Amino acid sequence: MKEIRSGVPDLEEELGRPGPALVAEAADWPGDVVVLGAGGKTGAGIAAMARRALDGAGREDVQVLAVSRWTDARGRAGLEKLGARTLAVDLSDPAAVDDLPDAAVAIHLVGAKFGTASAPEQAWMTNTVLPAFVARRYRGARVVALSTGNVYGMTAPVTGGSRETDEPRPVGDYAVTCRGREQVFTHAARTEGTPVALIRLNYAVEPRYGVLADLARTLLAGRPVDLGAGAVNVVWQRYANEVVLRSVGHAAAPEPFVLNLTGPETAGVRTLATRLAHHLDVVPEFTGKEPATSLLADATLCHTLFGYPDRTLGQLVALQARWIAEGGELWDKPTKFERRDGSF
């Protein structure tokens with residue numbers, strides 16, 4: 001396991017590093033890859049990893065098309081330096097989606113979560129209407145669409161979390177519209193024969209943002225940690241990026257391939273905060289009561305197909321503490337993981 005010591009460049013290089021299995025699979029990808037939402041939190045790493053996997057497989061003939069509005073000029077330049085082709089496109093415009101280049105693989109990462117409580121109509125447009133534009137444009141491609149474990153209901157930690165075969169029970173506009181996104185792509189799989197993979201991700205983390213970053217910032221600010229979430233699943237972002245891309249080969253029709261993507265542990269919020277506090281040399285304080293149920297997912301299928309994450313939970317905690325103690329860059333993008341009412 002490579003240590004991340006030189007700040008953001010070293011971190012981003014690691015988040016875009018493909019493993020040998022992905023490189024081998026990329027050799028068989030049927031053509032150009034379009035990454036929709038490449039300027040988001042996960043998009044740059046996935047686009048970079050796709051380009052590097054193709055290069056490692058000797059597939060310089062295949063393009064990686066990184067699509068976003070591109071408000072992040074540095075991120076865009078970094079992808080172009082790797083050899084990806086970046087396109088500035090407003091995906092909410094159906095005409096602009098129709099004008100996108102052809103591709104044999106489409107990675108759909110576009111979504112709206114935060115602010116949906118005050119502007120639910122935006123969540124409905126971004127999470128359900130926009131995917132219809134994409135499904136129409138790339139009906140002939142293999143589609144991998146990022147979803148969320150929020151489509152499930154709460155479960156007791158002793159159950160191990162929701163499985164892919166469990167009936168979704170979304171709560172709130174964010175979860176309901178994400179379930180709508182799944183149904184739009186399911187419709188494409190059933191009516192157009194579009195091979196689809198739906199990836200239900202629970203709390204990917206890297207040092208700049210995520211559940212661990214939220215907890216570390218709370219502890220260092222001397223604020224009490226809210227125990228309202230009870231327990232969580234987290235997973236290393238590099239592993240999540242790789243699973244998204246390796247799911248290309250599992251996309252299916254007429255029934256989509258559905259996968260829970262998270263780490264193997266069910267982690268109590270109190271325990272996580274206590275471990276972080278130990279690394280940060282602070283005394284943790286807590287507020288609220290630990291509930292009997294939490295938003296949890298069973299990722300047994302994911303680990304069976306793709307192996308375990310390459311960083312353990314303990315290593316992620318230590319990495320987060322070291323990063324924040326050394327003044328590493330943090331994003332002002334709280335996860336709001338403690339919310340139980342579906343309001344973001």
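Which residues line the largest cavity? In this predicted model, the lining is made up of Val 205, Glu 206, Pro 207, Leu 212, Trp 236, Leu 316, Leu 319 and Gln 320. The space inside the largest cavity comes to about 40 Å³, and the count of cavities of 30 Å³ or more is one. Sorted by class, the residues around the largest cavity are six nonpolar, one polar and one charged. Helix α12 makes the greatest contribution to this lining, with three residues, and that helix is a good place to continue the tour.

The 13 residues of α12 should span 18 Å at 1.5 Å a residue, and the end C-alpha atoms are indeed 18 Å apart, so expectation and model agree. The buried residues of α12 are Leu 313, Leu 316, Val 317, Leu 319, Gln 320, Ala 321, Trp 323 and Ile 324. Among them, Leu 316, Leu 319 and Gln 320 also appear in the lining of the largest cavity. The cover over the buried residues of α12 includes α1 (8-15), β7, α8, β10 (235-236), β12 (267-268) and α10. Just beyond the helix, Gly 327 adopts a positive phi of about 80°. Further along, in the segment after α12, comes Lys 336. Lys 336 is a residue other than glycine, yet its phi is positive, near 55°. With a relative accessibility of 29%, Lys 336 counts as partly exposed, because that value falls between the limits of 20% for buried and 50% for exposed.

Helix α8, one of the elements that cover α12, is itself well hidden. Eight of its 10 residues are buried, so α8 is largely enclosed by the rest of the structure. These buried residues are Val 211, Leu 212, Ala 213, Asp 214, Leu 215, Ala 216, Thr 218 and Leu 219. Their covering includes β7 (204-205), β8, β9 (231-232), α10 (269-280) and α12 (313-325). After α8 comes Gly 222, with a positive phi near 75°.

Helix α8 also leads to an open space in the model. The second largest pocket holds about 310 Å³ of space. It is lined by 20 residues, of which Asp 214, Thr 218, Arg 223, Pro 334 and Glu 338 are the closest to its centre. Two elements, α8 (211-220) and β8 (225-226), each give two or more residues to this lining. The most comes from α8, with four residues. By class, the lining of the second largest pocket has 10 charged, seven nonpolar and three polar residues.

Elsewhere in the chain, helix α6 covers residues 120-137. Its 18 residues should span 26 Å at 1.5 Å a residue; the C-alpha atoms at its ends are 25 Å apart, which agrees. The helix is bent by about 30° at Thr 126. Thr 126 is also one of the buried residues of α6, which are Ala 123, Thr 126, Asn 127, Thr 128, Leu 130, Pro 131, Phe 133, Val 134, Ala 135 and Arg 137. The partners against which these buried residues pack are β1 (33-36), α5 (94-98), β4 (105-108) and α7 (172-192).

Strand β6 (residues 196-201) contains Val 196. This residue is buried, because its relative accessible area of 0% is under the 20% limit. Beyond the neighbours within four places in sequence, Val 196 is in contact with Val 143, Phe 185, Ala 189, Ala 251, Ala 252, Pro 256 and Phe 257. Thr 300, which is 104 residues from Val 196 along the chain, has its C-alpha atom 20 Å from that of Val 196.

Two loops complete the account with details of the backbone. In the loop between α9 (237-246) and β11 (257-261) is Pro 254. The peptide bond that joins Ala 253 and Pro 254 is cis, with omega about 5°. The loop between β2 (64-68) and α4 (73-82) holds Trp 70. Although Trp 70 is not a glycine, its phi is positive, about 60°. Is Trp 70 buried or exposed? Trp 70 is buried, because its relative accessible area of 10% lies under 20%.

How values were computed:
Residues are numbered from 1 along each chain as its sequence is written. This is a predicted model: local features need pLDDT of at least 70, side-chain atom pairs count only at pLDDT 80 or more; totals for chains, interfaces and linings use all residues. Side-chain values use heavy atoms; hydrogens and water are left out. The expected span of a helix is 1.5 Å times one less than its number of residues. The bend at a residue is the angle between axes fitted to the seven residues ending there and the seven starting there. Buried means under 20% relative accessible area, exposed over 50%, partly exposed in between (1.4 Å probe, protein chains only). Contact means heavy atoms within 4.5 Å. On a 1 Å grid over the protein atoms alone, a cavity is a set of points where a 1.4 Å probe fits but cannot get out, and a pocket is an open set with protein on both sides within 12 Å along at least five of seven lines; lining residues have an atom within 4 Å of a point. Grid points are joined across faces, edges and corners, and a volume is the space filled by probe spheres set on the points. Ala, Val, Leu, Ile, Met, Phe, Trp, Tyr, Cys and Pro count as nonpolar, Asp, Glu, Lys and Arg as charged, and the others, Gly among them, as polar.
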